[in-house]
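Here are my notes on the model, point by point. Please read them with the coordinates open.

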Amino acid sequence: MFRRTLLNTTRFTPIRTTTPKFISVRFMSTEIKEAIDKAVASSPVVLFMKGTPEFPQCGFSRATIQTLGQQGVDPEKFAAYNVLEDQELRDAIKEYSEWPTVPQLYVNGQFVGGCDIVMQMAKNGELAELLEENDALVPEEEEGDDVVKAAEVKPNRD
């Protein structure tokens with residue numbers, strides 16, 4: 001009897017609903033949130049990346065570091081954090097920014113974006129403006145001095 005009822009009810013057209021969306025929920029610890037807050041505030045320009053500026057461990061991190069260098073970011077006003085050294089940081093930074101990938105750039109505590117956004121901003125001039133507005137670039141006098149010093153060094157051709 002139950003079986004027949006079940007079969008009869010399956011003949012009706014089901015009501016269509018939207019596909020349920022699955023939400024990945026992670027809750028970072030208070031300690032890691034405070035550590036990220038402190039890291040983001042540690043310098044005017046902060047990059048969470050895979051590897052280090054000297055030895056990036058992925059192409060996106062490498063491209064972001066190169067872009068920041070081309071923009072003239074002052075090394076004294078820059079900090080980088082290697083997410084590969086700490087799995088908790090690697091997971092938590094994505095939750096912190098609500099951005100799914102690394103690298104992640106912050107300027108004066110504000111999340112800017114990942115590699116794709118940084119590259120687009122550099123291309124259209126917005127990144128240079130943002131860095132200049134936030135006094136994160138090498139001062140022009142020092143930049144000129146570096147160019148002169150570099151030009152004065154001549155290779156030994158003996």
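1. Where is E98 found? E98 sits in the loop between α4 and β3. Keep in mind that this is a predicted model. E98 is not a glycine, yet its phi is positive, about 60°. The residue counts as exposed, because its relative accessibility is 71% and the exposed class starts over 50%.

2. The loop between α4 and β3 also holds P103. Check the peptide bond from V102 to P103 there: the bond is cis, with omega near 20°. Strand β3 itself covers 104–107.

3. A positive phi also turns up at N108, about 45°, and N108 is not a glycine. N108 lies in the loop between β3 and β4, the latter spanning 110–113. With 40% relative accessibility, N108 is classed as partly exposed.

4. Now the overall layout. The protein has 7 helices and 4 strands. Along the sequence they run α-α-β-α-β-α-β-β-α-α-α. Of the 158 residues, 30% are buried. About 11600 Å² of the protein is exposed, and carbon and sulfur atoms supply 54% of that area.

5. Contacts are worth a look too. Take those in the protein with a separation of 6 or more: residues 24 or more positions apart account for 65% of them.

6. Which helix does α2 cross at roughly 75°? The partner is α4, residues 87–97, and the two axes come within 10 Å. The pair is roughly perpendicular, because that class takes in angles from 65 to 115 degrees. On the α2 side, the contact is made by I32, K33, I36, D37 and V40. On the α4 side, E88, L89, A92, I93 and Y96 take part. By class, this contact has 7 nonpolar residues, 3 charged residues and no polar ones.

7. Salt bridges come next. Side chains of opposite charge can pair when their charged atoms come close. How many salt bridges does the rule give? The count is 2.

8. One salt bridge joins K33 and D37, with the closest N and O atoms 3.1 Å apart. Both residues belong to helix α2, residues 30–41. They are 4 residues apart, which means a separation of about one helical turn. K33 is partly exposed at 38% relative accessibility. D37 is partly exposed as well, with a relative accessible area of 30%. K33 and D37 also appear among the α2 residues that contact α4.

9. The salt bridge between D135 and K77 has its closest N and O atoms 3.0 Å apart. This pair links distant parts of the chain, 58 residues apart. D135 lies in the loop between α6 (126–133) and α7 (140–152). K77 lies in the loop between α3 (59–71) and β2 (78–82). D135 is exposed, with a relative accessible area of 52%. The exposed class begins over 50%.

10. Last, K123. Is K123 buried or exposed? K123 is exposed, at 71% relative accessibility. Its place is in helix α5, residues 115–124. K123 and T67 are 56 residues apart in sequence, and their C-alpha atoms are 9.7 Å apart in space.

How values were computed:
Residues numbered from 1 in each chain as written. Predicted model: local features only at pLDDT ≥ 70, side-chain atom pairs only at ≥ 80, totals over all residues. Heavy atoms only, no water. Helix = DSSP H or I, 4+ residues; strand = E, 2+ residues; numbered from the N terminus. Buried < 20%, exposed > 50% of the residue type's maximum accessible area, 1.4 Å probe, protein only. Contact = heavy atoms within 4.5 Å. Areas by Shrake-Rupley, 256 points an atom, 1.4 Å probe, with all protein chains shown as cover. Salt bridge = Lys/Arg side-chain N within 4 Å of Asp/Glu carboxyl O. Axes fitted to C-alpha atoms, helices over the stretch in contact; angles between N-to-C directions. Parallel < 35°, antiparallel > 145°, perpendicular 65-115°, else oblique. Nonpolar A, V, L, I, M, F, W, Y, C, P; charged D, E, K, R; others polar.
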